[in-house]
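Trainee: I would like a close look at a single part of this model. Please start there, then work outward.

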Amino acid sequence: MSTITQLIHSIPVDPQTGAIAVPIYQTSTFVQEAPGVNKGYDYARTNNPTRETLEKIVAQLEDGATGIAFSSGLAAIDAILKLLQYGDEIVAVDDIYGGAFRLFNKVYQKFGIKVTYVDTSDTQAVFNAITPKTKLIWLETPTNPTLKISDIAAIAKIAAANKCLFCVDNTFASPVLQQPLNLGADIVIHSATKYLGGHSDLIAGVVVAKTPELGAEIKFYQNACGAILSPFDSFLLIRGIETLHLRVRQHCSNAQIIAEYLAEHPLVDKVFYPGLKTHPGHEIAKRQSKGFGGIVSFTLKEDTEAAALAFVTSTQYFKLAESLGGIKSLLCHPAGMTHKSIPDETRRAAGVADSLIRLSVGLEEPADLLSDLDLAFHKIQQATGSVLSL
């Protein structure tokens, strides 16, 4: 059975009514026959049939043992960090999502958890950063927003040899393109707001654990701390996942066209997209993924925030907004938006330049998106003159 057919038929028909769609169990509590005697549910924070169905679907998508759904991607990250204790250390990707950086440095660091940031595309750098106190390796691949590629299988071996948990943020790739648990990771995390949901209409996070034991630990924190996903948002997320394979296929196709266009544009300095043969992680991406994703980033030859702002405010179809992974194309300026919480020097050292622009390539006709980019380049040439010169 193909993975697409398997996904579609992993979404159950309601046994009570025959409903083809998963029902929304919009209830806070469940009647019990006697104390502790119930139909598997007692209170909706602890468990809910709609959320439980979603969690099973996501676990199957990532080929893991247990799925756990949260009210946001950051709530999901927070639950994983609660596996650690005072004095533990994390080795994390340097080109990290700004919200994760803020959570690591502004919240957990004051509780005695140290974080060391390294370029994880250099496997030796990961190995060198490990200490006896390292308990977690935190990876994004592709990274946000410079799309660095790290060798998941190689880093998994380092983690196993040093008895570290290994977590991979798989948001950009989605389980359609890569399954980190099958490459040796212990935990996979998603901002389900992005590709899993796919329609820019919900906030959610999911974690998938490789083993039932690890899943039970994370599930404990979901219940104990209460950052659960609502029944309605669980329903919306299931709805989005139903078309995940189709959407990701088109995102990848459109992004490849956009990346190749940008690579030839005279006003563009660097293009970051693992589907380009010139990308340093292209071969690793080919080996561990089934595609290269829908995110393209690039810098301008005039590497200034002014030049980037002129561009991101000049498009029509690419909407200026936070987030990514929806059907409509979006763009953002990471230095002033998604990565604003990261100090400028740290941000630049990780490769997030002042003029870096991130595109979330949607499902529009690629010819229309190319026309939109052409118009934006033309506008900024006219508006800035010497600021952007060929």
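How many bridges join strand 8 to strand 9, and do the two run parallel or antiparallel?

Mentor: Keep in mind throughout that this is a predicted model. Strand 8 and strand 9, residues 295-300, are joined by three bridges. The two strands run antiparallel. One pair can be named on each side: Val 268 has Leu 300 of strand 9 as its bridge partner. Strands of a sheet pair through backbone hydrogen bonds, either parallel or antiparallel.

Now place that pair in its sheet. The sheet is open and has five strands, in the order 8-9-12-11-10. Its pairing is mixed. Strand 8 (268-272) is at one edge and strand 10 (319-320) is at another. Each has a single partner strand, so one side of each has no neighbour in the sheet.

Strand 9 also leads to the cavities. Ile 295, in the residue range of strand 9, is one of the residues lining the second largest cavity. That cavity holds about 30 Å³ of space. Its lining also includes Pro 142, Leu 147, Phe 172 and Ala 173. Phe 292, Gly 293 and Gly 294 are in the lining too. By class, six of the lining residues are nonpolar, two are polar and none is charged.

The whole structure has two cavities of 30 Å³ or more. The largest has a volume of about 40 Å³. Pro 142, Ala 173 and Phe 292 are among the residues that line the largest cavity, and these three names also appear in the lining of the second largest. Other residues lining the largest cavity include Ile 149, Leu 177, Pro 274 and Ala 285. Ser 289 and Gly 291 belong to that lining as well. Here the count is seven nonpolar, two polar and no charged residues.

Charged side chains come in elsewhere. Side chains of opposite charge can pair when their charged atoms come close. The structure holds 11 salt bridges. One of them joins Glu 55 and Lys 219, with the closest N and O atoms 3.1 Å apart. Glu 55 is in helix 2 (residues 49-61) and Lys 219 is in helix 8 (residues 212-225), so this pair ties together parts 164 residues apart in sequence. Glu 55 counts as buried, at 6% relative accessibility.

Asp 354 and Arg 347 form another salt bridge, at 3.1 Å from N to O. Both Asp 354 and Arg 347 are buried. They also belong to a network of salt bridges that links Asp 344, Arg 347, Arg 348 and Asp 354. Lys 82 and Asp 78 make a further salt bridge, at 2.2 Å from N to O. Lys 82 counts as partly exposed, with 23% relative accessibility.

Last, the cysteines. A disulfide is a covalent bond between the sulfur atoms of two cysteines. A search of the whole structure finds zero disulfides. Take Cys 167: the closest cysteine sulfur is in Cys 164, 13 Å away, and that is too far for a bond. Cys 167 is buried, at 0% relative accessibility. Cys 332 gives a similar reading. Its closest cysteine sulfur is in Cys 252, 19 Å away, again too far for a bond. Cys 332 counts as buried, at 0% relative accessibility.

Methods: Residues are numbered from 1 along each chain as its sequence is written. This is a predicted model: local features need pLDDT of at least 70, side-chain atom pairs count only at pLDDT 80 or more; totals for chains, interfaces and linings use all residues. Side-chain values use heavy atoms; hydrogens and water are left out. A salt bridge is a side-chain nitrogen of Lys or Arg within 4 Å of a carboxyl oxygen of Asp or Glu. Helices (H or I, at least four residues) and strands (E, at least two) are DSSP runs, numbered from the N terminus. Buried means under 20% relative accessible area, exposed over 50%, partly exposed in between (1.4 Å probe, protein chains only). On a 1 Å grid over the protein atoms alone, a cavity is a set of points where a 1.4 Å probe fits but cannot get out, and a pocket is an open set with protein on both sides within 12 Å along at least five of seven lines; lining residues have an atom within 4 Å of a point. Grid points are joined across faces, edges and corners, and a volume is the space filled by probe spheres set on the points. Ala, Val, Leu, Ile, Met, Phe, Trp, Tyr, Cys and Pro count as nonpolar, Asp, Glu, Lys and Arg as charged, and the others, Gly among them, as polar. A disulfide is a pair of cysteine sulfur atoms within 2.5 Å. Two strands pair if DSSP finds at least two bridges between them.
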